[in-house]
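Hello,

Here is the structure for you to take over. Please look through it first, then read my notes underneath.

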Amino acid sequence: MSMNTPESSRKSLISSPVVRAVAALVPLAISLVILTWGFFFVRDLQLVKNTIPQLFIVVIAIIWGVGGVVLLFTTANFFVEQLPELWVHRLQPFIFIGPAILMLTWALVIPTIRTIISAFFDEASVGFVGMKNFVYVFTNPAMLTVFRNNLLWVIFGTTFTVSAGLIVAVLADRSRFEVAAKAMIFMPMAISFVGAGVIWNFVYAAKPVDAPQIGLLNSIVVGFGGQPQAWTAFFQPWNNFFLIVIVIWLQAGYSMVLFSAAIKGIPAEIMEAARVDGATELQVFFQIMIPQIMGTIIAVSTTVVIFTLKIFDVVWVMTGGQYDTSVISTEFYRQYFTYNNNGIGSAIAVVLFIAVIPVMVYNLRQFAQREVF
Amino acid sequence: MKSKFAGSLLVNGMLAVICLLWTIPTFGLLVSSFRDRIDVNTSGWWTIFPHQDWVSVQEVTPDASVNRDVPMTFKADSGTSVTAPFEQLQIGVEKDGYRFQWIGNRRVGYLEIQKYTWTSNTNFTLENYKQVLSSGNYTAALKDGTTETALGDNMTHAFLNSVAVAVPATVIPIALAAFAAYGFAWMKFPGRKMLFALVVGLLVIPLQIALIPILKDYVALHVNGTFLAVWLAHTGFGLPLATYLMFNYISELPRDILEAAFVDGASHFTIFTQLIVPLSVPALASFAIFQFLWVWNDYLVALIFIGASPTNQLITQRLAEIVGSRGQDWHLLTAGAFITMILPLAVFFGLQRYFVRGMMAGSVKG
């Protein structure tokens with residue numbers, strides 16, 4: 001059996017695991033090349049596209065983006081499955097989670113570290129300045145206004161979003177028009193902040209005193225004999241509240257949906273028992289319902305707090321951060337792009353990051369207690 | 001019985017008031033977008049409803065030779081006549097139930113004779129939409145018969161751009177997240193718990209902290225200003241939530257289905273594509289809607305990665321730009337805003353159930 005004809009040796013060569021693995025690398029390599037080429041092709045299409053019809057670019061873009069992901073997984077998996085059993089088990093998990101983890105690392109983990117580092121450097125990210133940027137952020141009078149505004153956002157935005165959502169959820173739960181009413185309150189969730197900005201700018205629109213008012217709010221004010229106001233501009237510091245209203249309007253639907261589900265989860269017997277014992281509806285609400293849905297209240301409040309901390313679009317579109325309405329996120333944008341100050345811009349982003357760390361820790365602790373892992 | 005009826009009336013009444021408050025702003029926008037531009041900028045949208053106002057019954061254009069610097073005399077068909085200087089006519093002179101109102105400036109204006117009566121402003125038109133959607137110059141027909149030529153806002157282009165950004169920016173993270181969620185849920189490997197903790201930790205990270213380093217990478221790769229830049233950014237920012245949601249769903253699929261498939265000799269890849277993906281359609285759809293709306297409505301990411309490039313601008317940027325440059329042109333703003341809203345609203349009302357489910361599954365989003 002030691003005779004090795006050329007033919008049989010070729011056969012064994014093809015069936016040898018190493019060669020199979022190398023051969024299986026070919027499709028993976030080809031798909032990587034296609035992806036990379038596609039990356040530059042799509043990029044260049046975008047850069048010199050005056051002559052190319054836009055629809056064509058859109059189609060190519062979708063094919064590259066979506067097809068690329070499928071191609072990559074298929075060929076990478078094909079490669080791994082050609083390997084010996086042991087290696088399939090070792091490597092396959094990383095084919096599945098690898099792309100996501102790489103993406104997260106590139107898009108979130110590394111940038112966070114880079115931003116934290118540049119927060120300790122000067123405006124061009126060249127010289128080390130220690131805590132100087134943070135000192136500026138926490139002592140500059142303009143920055144203090146920014147923090148005051150964000151505090152207003154967090155306190156009033158959250159309180160009213162949560163209570164409006166809760167009230168609607170409770171009312172809708174007892175109404176025959178529940179579905180319709182909830183859809184109406186929820187609808188703003190589908191609208192962008194820029195769109196919502198236009199909607200409310202129109203509500204707040206102000207015309208000169210002697211002209212007919214086209215903004216609903218000023219029209220009502222004038223109707224009651226008042227003077228028209230530029231609500232979001234020179235009406236300081238109340239203009240912040242007129243901006244906060246927009247976010248309450250947008251987000252109440254979110255809290256309503258979660259509260260609605262929580263209320264339906266309260267055992268009916270508990271509330272019935274309380275009513276039989278002679279509790280008024282208000283007592284039932286405050287002493288039974290609220291404690292029962294406390295978990296949801298905390299969860300919704302946390303989400304809205306994070307949301308209002310990061311608020312950008314509404315302020316940027318409505319006032320551009322002028323008239324003392326600037327918030328952390330708009331100031332971050334201004335430092336980077338108007339003043340080209342990397343250091344302070346990064347320091348502001350880091351402040352935002354530090355503000356959400358407690359929530360992050362809480363989420364991780366909840367996760368650690370789960371049994372799945 | 002009576003108190004129960006009163007209670008239900010109170011509940012429904014309060015609910016109706018809140019619903020009205022919540023929908024009126026959007027309704028006003030929608031109505032205004034269809035109104036003639038002269039009307040939009042001179043009267044409130046609520047004047048489309050019947051109300052009492054001064055309505056023109058007759059117009060008199062005085063001869064050019066008439067001296068407008070001395071009191072002028074006008075006579076209505078009904079016989080009422082008024083003599084008043086220009087300044088008074090400009091404010092309006094009332095007599096016998098008529099009002100004599102000068103419209104326009106002193107030299108080329110005319111006199112309107114008005115009566116106080118029931119009326120409604122219902123000059124509806126599609127001109128506003130045509131103008132915001134068109135590229136190049138657009139000549140709009142106005143209600144008084146004149147035309148006005150202005151540069152269109154080319155929102156059609158921006159709309160298509162937004163589609164081109166939103167579709168891949170929805171599908172790519174879902175594909176990546178579904179694979180990863182399966183890996184976390186059904187495969188054993190070192191570092192599994194730690195890597196998933198990373199996903200959970202990143203759920204609430206404010207994306208502001210990541211924007212600038214990514215921008216620097218993009219500038220180095222020359223992708224800044226392209227759709228590619230926005231897809232990759234949204235993929236990265238959407239992944240933690242997508243993975244988290246998909247994991248919650250996939251890890252709760254019944255174990256015996258998978259074990260049966262393994263006994264039959266199916267590989268992980270086959271199980272994933274043939275079994276898990278079809279079973280996960282509800283979760284995939286929930287996240288898809290969520291992410292699609294998120295990307296469509298996003299402004300900050302587009303602002304930073306696409307920037308001022310006019311050809312690649314997304315619809316939210318386009319609208320924000322109109323707000324900035326023509327903030328008083330309400331006929332354009334209302335129509336433009338509604339165009340940005342039309343697709344999300346259609347998705348929302350068509351697939352509300354999935355959307356709500358997705359939202360409840362993961363209540364934090366960075």
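Which element gives the largest share of the lining of the largest pocket? Strand 1 of chain B does, with seven residues. Bear in mind throughout that this is a predicted model.

**The pocket**

The largest pocket holds about 1,200 Å³ of space. Its lining comes to 33 residues. Nearest the centre are Thr42(B), Ser43(B), Asp53(B), Trp54(B) and Asn121(B). Both chains supply elements that give two or more residues to this lining. From chain A there is helix 9 (216-223). From chain B there are helix 2 (37-42), strand 1 (51-60), strand 5 (98-103) and strand 6 (110-119). By residue type, the lining splits into 14 polar, 10 nonpolar and nine charged.

**Where the chains meet**

How many residues of each chain are in contact with the other? The numbers are 116 for chain B and 109 for chain A. Between them, the two chains bury about 10,300 Å². Carbon and sulfur atoms give 78% of that area. On the chain B side, Trp22(B), Ile209(B) and Trp330(B) lose the most area to chain A. Together these three make up 8% of what that side buries.

The polar links between the chains come next. There are 12 residue pairs in polar contact between chain B and chain A, counting pairs with both residues at pLDDT 80 or more. Helix 5 (residues 155-186) of chain B gives the largest share of the side that touches chain A, namely 15 residues. That side of chain B divides into 78 nonpolar, 32 polar and six charged residues.

**Salt bridges**

Side chains of opposite charge can pair when their charged atoms come close. Over all chains, the count is 10 salt bridges. One salt bridge is counted between chain B and chain A. Asp217(B) pairs there with Arg114(A), and their closest N and O atoms are 3.1 Å apart.

Another salt bridge lies within chain A, between Arg174(A) and Glu281(A), with the closest N and O atoms 2.2 Å apart. Arg174(A) sits in the loop between helix 6 (141-173) and helix 7 (178-186), and Glu281(A) in helix 12 (residues 281-292), so the pair ties together parts 107 residues apart in sequence.

Over to you.

Definitions and conventions: Residues are numbered from 1 along each chain as its sequence is written. Chains are lettered from A and ligands numbered from 1 in the order in which they are written. This is a predicted model: local features need pLDDT of at least 70, side-chain atom pairs count only at pLDDT 80 or more; totals for chains, interfaces and linings use all residues. Side-chain values use heavy atoms; hydrogens and water are left out. Contact means heavy atoms within 4.5 Å. Buried area is the accessible area (1.4 Å probe) that two parts lose on being put together, summed over both. A salt bridge is a side-chain nitrogen of Lys or Arg within 4 Å of a carboxyl oxygen of Asp or Glu. A polar contact is a pair of N or O atoms within 3.5 Å; within protein, one must be able to donate a hydrogen and the other to accept it, and residues adjacent in sequence count only if both atoms are side-chain atoms. Helices (H or I, at least four residues) and strands (E, at least two) are DSSP runs, numbered from the N terminus. Ala, Val, Leu, Ile, Met, Phe, Trp, Tyr, Cys and Pro count as nonpolar, Asp, Glu, Lys and Arg as charged, and the others, Gly among them, as polar. On a 1 Å grid over the protein atoms alone, a cavity is a set of points where a 1.4 Å probe fits but cannot get out, and a pocket is an open set with protein on both sides within 12 Å along at least five of seven lines; lining residues have an atom within 4 Å of a point. Grid points are joined across faces, edges and corners, and a volume is the space filled by probe spheres set on the points.
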